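Me: Got a model open here and want a quick walk through it. Can we start with one residue and work outwards?

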Amino acid sequence: MDWIRLTKSGKDLTGLKGRLIEVTEEELKKHNKKDDCWICIRGLVYNVSPYMEYHPGGEDELMKAAGSDGTDLFDQVHRWVNYESMLKECLVGRMAIKPAVPKDYREEKKVVNGMLPKSQVTDALAKEGPRSPSYDWFQTDSLVTIVIYTKQKDINLDSVIVDHQDDSFRAEIIIKDYSYIIHLGLSHEIQEDLSVRVVENVGKIEIVLKKKENTSWKRLGHPLENHDSLVPKKGLHYRKCQLISKEGVTHDTKLFCLMLPPSTHLQVPIGQHVYLKLPITGTEIVKPYTPVSDFLLSEVKEPVILNNKYIYFLIKIYPAGLFTPELDHLQIGDFVSVSNPEGNFKISQFQELEDLILLAAGTGFTPMVKILTYALTNIPSLRKVKLMFFNKTEDDIIWRSQLEKLAFKDKRFDVEFVVSAPTSEWNGKRGHISPALLSEFLKRSLDKSKVLVCICGPTPFTEQGIRLLHDLNFSKDEIHSFTA
Ligand code: FAD
Ligand code: NAP
């Protein structure tokens, strides 16, 4: 908030009195000191010196990119941060375009620092990454079907994200660390709802659009940014979702239900999160949240709306926090932007799994909800699922009775609550994550059973848990930690 206030103060944060300049590489290199630090991100140059003291990662992290192109470093650490909005008052200008050193005389192309021209990105990928998909389309009187041939086997409905908003049709197919993008201004109007089918074994995707008028289309549309190209997954695409309901779950945690626009297809894969974005005092603020499934919800209320159009979030409101109080102030019917999913949890980790152990603290419980649901319903080899759930007090435990009921119903599932600041009535386990608490709990159901331990909570909790797991001889492959 202090940073936002400073950017709104009218102070000249670039030292250029509002002028934007073209920055050469030589010029950029000169600005490499704390009190005069320029950084290039995706071709735009920012004077980050005034931001130094507000950077949550500290000055040293920012200084790693001083006087240079920080795009890769930025993408590695927090590519979801909306730097354009956060740093707009620090914008110095664009990198000057310079001719690339041609590989041979026929190849004289231009390179912009921090950004390769689209064709070159796609060319480079064609050599290193997956084979580029292709697309085609056909129509009937009432429908237009876009067919994408990904030439990949592990494509499913989670891999396809489709949006149609403001005359722009955009489909993104996630293929490992790349995105294949169809991005068009459609030649004719379509109805709001669309459907997506995937033929998994051949990697074929069909997106079926309903025509508004039954006329014959001569062409599908005109290409927009990145159309028909395979690009490294970069940046995040957002769509506005409507707040449908908000219910108290504990004294400070609420269940938010958001509805996707009718012309969006988006499924958040297990173990992944999305970013929610809200304008707060004129700046777009973005924070990550992990959707939960309706499996445990069905214990809460009947009937449940079982439909991919709704995304549920369990979110703790911090009264002194930046984002959650704003989210909490939203009224039913208000909008919040939701990004594409992110995360590195792989469903293949469940293959042949026999024991699943979940260690969660506070809202670190959120990724465990879908994991638990999926494992209990889809993994035939699974013998035991155990959740150890750490909270400050009894009142902080999210969905306690639902979890207890589930443990009662499904003998494969056990839950253990641990409380760090219990009342005198608490009869259960107490304290913080420790060898004493873990050693018995982590015992496998069979001597050599295949095990996966998932851990999520405040960063120090997760780090401590990983150390203890290593001490107890769990290998790297047997641990999945959810971190920022
Ligand atoms: P912040 O402004 O970040 O503040 C959080 C707390 O820290 C507050 O108590 C605040 O008073 C205190 N604080 C802030 N600044 C300072 C300071 N300078 N000194 C001392 N104290 C300070 N959360 C959920 O509830 N549900 C989820 O599903 C969920 N999923 C997540 C997924 C991922 C991958 C990650 C990384 C985090 C997830 N989180 C989730 C946490 C979430 O992203 C936010 O961090 C959280 O909601 C707090 O946001 P905030 O802006 O309201 O609070
Ligand atoms: P919290 O209520 O503050 O803490 C939950 C429990 O963890 C408490 O018992 C607490 O003990 C304990 N704890 C805290 N710090 C610890 C430490 N250093 N060592 C051992 N135990 C510790 O938690 P919260 O406010 O809900 O926060 C949840 C966290 O999970 C947030 O940081 C959020 O970002 C993170 N999260 C991450 C993801 C992800 O996917 N990466 C998803 C969801 C949430 P005390 O109360 O005694 O300190």
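**Walking through the model**

Reply: Sure. Ser 179 sits in strand E13, residues 178–186. Keep in mind that this is a predicted model.

Me: Is Ser 179 buried or exposed?

Reply: Buried. Its relative accessible area is 2%, and the cut-off for buried is under 20%.

Me: What does the Ser 179 side chain make a polar contact with?

Reply: The side chain of Glu 172, at 2.7 Å.

Me: And which residues does Ser 179 touch, leaving out those up to four places away in sequence?

Reply: Glu 172 again, with Ile 173 and Ile 174. Then there are Ser 229, Leu 230, Val 231 and Lys 233.

Me: New topic. How covered is strand E19?

Reply: Mostly covered. E19 spans residues 253–259, and five of its seven residues are buried.

Me: How does E18 pair with E19?

Reply: Antiparallel, over six bridges; E18 is residues 238–248. The two form a hairpin, with four residues between them. Leu 243 stands opposite Leu 258 in E19.

Me: How many bridges join E19 to E24?

Reply: Seven, and these strands run antiparallel too. E24 covers residues 310–316. Thr 253 is opposite Lys 316 of E24.

Me: Lys 316, then. Which ligand is it near?

Reply: Ligand 2. There are 20 residues around that ligand, and Lys 316 is among those that come nearest, along with Tyr 318, Thr 363, Lys 392 and His 432.

Me: What polar distances do we have there?

Reply: A polar side-chain atom of Lys 316 is 2.8 Å from an oxygen atom of ligand 2. For Tyr 318, a polar side-chain atom lies 2.7 Å from a ligand 2 oxygen. His 432 has a side-chain N or O atom 2.7 Å from an oxygen atom of ligand 2.

Me: How much of ligand 2 does the protein cover?

Reply: 72% of the 930 Å² of accessible area that the ligand has on its own.

Me: Which elements give two or more residues to its shell?

Reply: E27 and helix H11, residues 459–471.

Me: OK, ligand 1. Which residues come nearest?

Reply: Pro 288, Tyr 289, Leu 314, Phe 323 and Thr 324, out of 17 around it. E22 (283–289) and E24 each supply at least two residues of the shell.

Me: And the polar distances for that ligand?

Reply: Tyr 289 has a side-chain N or O atom 2.6 Å from an oxygen atom of ligand 1. For the side chain of Lys 287, the distance from an N or O atom to a ligand oxygen is 2.9 Å. Phe 323 uses its backbone: a polar atom there is 2.8 Å from an oxygen of ligand 1.

Me: What share of ligand 1 does the protein bury?

Reply: 59% of the 970 Å² that ligand 1 exposes when taken alone.

Me: Back to E27. What sheet is it in, and in what order do the strands run?

Reply: An open sheet of six strands with parallel pairing, ordered E29-E28-E27-E26-E30-E31. The edge strands are E29 (429–430) and E31 (479–482), each pairing on one side only.

Me: How many bridges are there between E26 and E27?

Reply: Seven, between residues 355–361 of E26 and 384–391 of E27. Leu 359 has Met 388 of E27 as its bridge partner.

Me: Which helices lie across that sheet?

Reply: Helix H8, residues 366–378, lies across E26, E27, E28, E30 and E31, at about 165 degrees to E26. Helix H9, residues 400–409, lies across E27 and E28, at about 145 degrees to E28.

How values were computed: Residues numbered from 1 in each chain as written. Chains lettered and ligands numbered in written order. Predicted model: local features only at pLDDT ≥ 70, side-chain atom pairs only at ≥ 80, totals over all residues. Heavy atoms only, no water. Pairing = 2+ DSSP bridges. Contact = heavy atoms within 4.5 Å. Axes fitted to C-alpha atoms, helices over the stretch in contact; angles between N-to-C directions. Buried < 20%, exposed > 50% of the residue type's maximum accessible area, 1.4 Å probe, protein only. Polar contact = N/O pair within 3.5 Å; in protein donor to acceptor, adjacent residues only side chain to side chain. Near = heavy atom within 4 Å. Areas by Shrake-Rupley, 256 points an atom, 1.4 Å probe, with all protein chains shown as cover.
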